[in-house]
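Grab a pencil and work through the exercises below. Try each task before you read its solution.

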Amino acid sequence: GCVLVVSVIEQLAQWHNSTVKAAVERLCDYIPGKYQIMCHIIDKEMNADVVCHSLRLCKQDPGQPLCHLYSPPKLHPLCELMHPSTFIFLPLQKSFMGFSSVCAFPLLANLCEKIKFVLRNKLPFEDFDGDKFSTFPTLRGYHWRGRDCNDKNTTVYPGRRPDNWDAKSDSNCNGIWGVDPKDGIPYEEKFCKGADSRGVVLLGDSAGAHFHIPPEWMTVTQMSAKSFANLPMAFSDEFDWPQFSEITGFLNSTIGGWTDSLYLRLRKRNRCNHRDLQNISQNVYFPNNIAPYLSFSLARNQLLDNPAIVIYATIGNDVCNGERDTLAHMTTPKEMLSNVVQALRYLDTHLPNGSHVILTGLVDGRFLWDNLHDRYHPLGQLNKDVTYSQVYSFLDCLQVSPCSGWLTPNETLRNLTSERALQLSNVLKEIARSEKFANFDIFYMDFPLRQTAEEWRKMGGEPWQLIEPVDGFHPSQIAAALGTGITWQKALHEWPQVLGKENPFNDQIEAIFKDQGGH
């Protein structure tokens, strides 16, 4: 983080032909006030690695390599940073230490614990009635799950079957309630009875959560005050953008590309499905047994709620880690079988009858190195000095690489990682073929990377545009939107029962919405 921020400051100074001090002031003008703690850098001719080692925000542990993004400068060898006389940023270092230990304050300790609990269990921070749905967008609120329409009533939430056909109130938050004055029939009964209403639930990783860091945050030629307007929202959504994602996206994308999602297509197919979505994804590695984790996070009542389509898509988690011996820390086929079957057995006790589960295979991540390694990262575009290969090596050195097995110049290791990914995908395929459950049927599909790339080429695009530009790892907004279309067509032709039938009353529902001002 420090290296990124200091790099941007130095490039701002270069781009605007100003001093580092002026560049700091410029950056601080861009960034919202409470996020300016990184702005206090002394005007000193050093590269980002040197500054951050001086701050002791970067350090070299005994026996570990010295990690740096840039070539070591001649005037300030990184080894000199080990000498106490070079710690010129000690006051700022203390500021950072205080900031990082803010949860130690008694008044904030309870709040911090609540936030940790919410993030650990993927539950909304603001949920007054405890039904796992919220009226607040971020902090695992309605960007992640359908928006609650009554946060004071635990029996009112998206996805439930209507209470008495919602003649008096909207119990399932799909916006359809009341009685038609012409014939006295409740609108919900008239338009949604027998309509095969269903929700969509994603059990995913950071790709499913739609991790994204805006490239304009570190591309000085594009930077302005508007660039950081979405920083508070991004921070409180863990730098994920589920509201634009492939499975549960529902808002028009503001991060490039366009939004197309399984949820939007299900909603278009049947307007009664409005708001019935849950994105239960996380940026860090799942525990081996996710069933206990699901028990906190999944919101589905087997007796009161509509069936759901559950997408199980941990497309890289089981082979991706930042460990030195990455192969030894990958999930084995035996572990994969046990973990997934346990999760499915839990789902079978909680999903309403008539639900469906789709297991998505792992991606072949060799696509990343093949298409990015010699391209310039946003940090390197100004001076043509930082490639993705350098970024991957820097992150690997820090042991924070999102995937040491694929983001490496070692072709043998990349191939072995893909080999393990294929083995685990075959486990999922066999589970879908052989396992039977009482309350849902189960299907398998390969992750559609090859088809997505082919589709994008037909549209005149380049393969590298399907990858997030800042982290060089996750699918981009374009890839997410294209992937939706491919998944939908496969389901439509091979498993039409999964999607439910098209509601013939959709146009009438929308017409009434417009007549009543959207309610």
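Buried means under 20% relative accessible area, exposed means over 50%, and partly exposed is in between, with a 1.4 Å probe and protein chains only. The model is predicted, so local features need pLDDT of at least 70 and side-chain atom pairs count only at pLDDT 80 or more, while totals for chains, interfaces and linings use all residues. Residues are numbered from 1 along each chain as its sequence is written, and side-chain values use heavy atoms, with hydrogens and water left out.

**Exercise 1. Place His53 and decide whether His53 is buried or exposed.**

Step 1: find the element. His53 sits in helix H3, residues 48-54. Helices here are DSSP runs of H or I with at least four residues, strands are runs of E with at least two, and both are numbered from the N terminus.

Step 2: apply the cut-off. His53 has 4% relative accessibility, so His53 counts as buried.

Step 3: look along the chain. Cys67 is 14 residues away from His53 in sequence, and their C-alpha atoms are 9.8 Å apart.

**Exercise 2. Get an overview of the chain.**

Step 1: count the elements. The chain has 18 helices and five strands.

Step 2: check burial. Of its 519 residues, 53% count as buried.

Step 3: check the contacts, meaning heavy atoms within 4.5 Å. Among contacts with a separation of 6 or more, 67% come from residues 24 or more positions apart.

**Exercise 3. Work out how H1 and H2 pack against each other.**

Step 1: take the geometry. H1 (residues 2-15) and H2 (residues 20-30) pack at about 115°, their axes 8 Å apart. Axes are lines fitted to C-alpha atoms, for helices over the stretch in contact, and angles run from 0 to 180 degrees between N-to-C directions.

Step 2: name the arrangement. Angles under 35 degrees are roughly parallel, over 145 roughly antiparallel, 65 to 115 roughly perpendicular, and the rest oblique. H1 and H2 are therefore roughly perpendicular.

Step 3: list who meets whom. From H1, Val5, Val8, Ile9, Leu12 and Ala13 meet Val20, Ala23, Val24, Arg26, Leu27 and Tyr30 of H2. The residues of this contact of H1 with H2 split into 10 nonpolar, no polar and one charged. In this scheme Ala, Val, Leu, Ile, Met, Phe, Trp, Tyr, Cys and Pro are nonpolar, Asp, Glu, Lys and Arg are charged, and the others, Gly among them, are polar.

**Exercise 4. Do the same for H9 and H16.**

Step 1: H9 (residues 262-269) and H16 (residues 477-494) pack at about 50°, with axes 10 Å apart. That makes H9 and H16 oblique to each other.

Step 2: Leu262, Arg265, Leu266 and Arg269 of H9 touch Thr484, Gly485, Trp488, Gln489 and Leu492 of H16. The contact of H9 with H16 divides into four nonpolar, three polar and two charged residues.

**Exercise 5. Describe the surroundings of Arg198.**

Step 1: Arg198 is in the loop between helix H6 (187-192) and strand E1 (199-204). Its relative accessible area is 7%, so Arg198 is buried.

Step 2: look at the side chain. A polar atom of the Arg198 side chain lies 3.0 Å from the backbone oxygen of Asp196. The backbone oxygen of Gln497 also lies 3.0 Å from a polar atom of that Arg198 side chain.

Step 3: leave aside neighbours within four places in sequence. The contacts of Arg198 then include Asn273, Asp276, His356 and Gln497.

Note on methods: A polar contact is a pair of N or O atoms within 3.5 Å; within protein, one must be able to donate a hydrogen and the other to accept it, and residues adjacent in sequence count only if both atoms are side-chain atoms.
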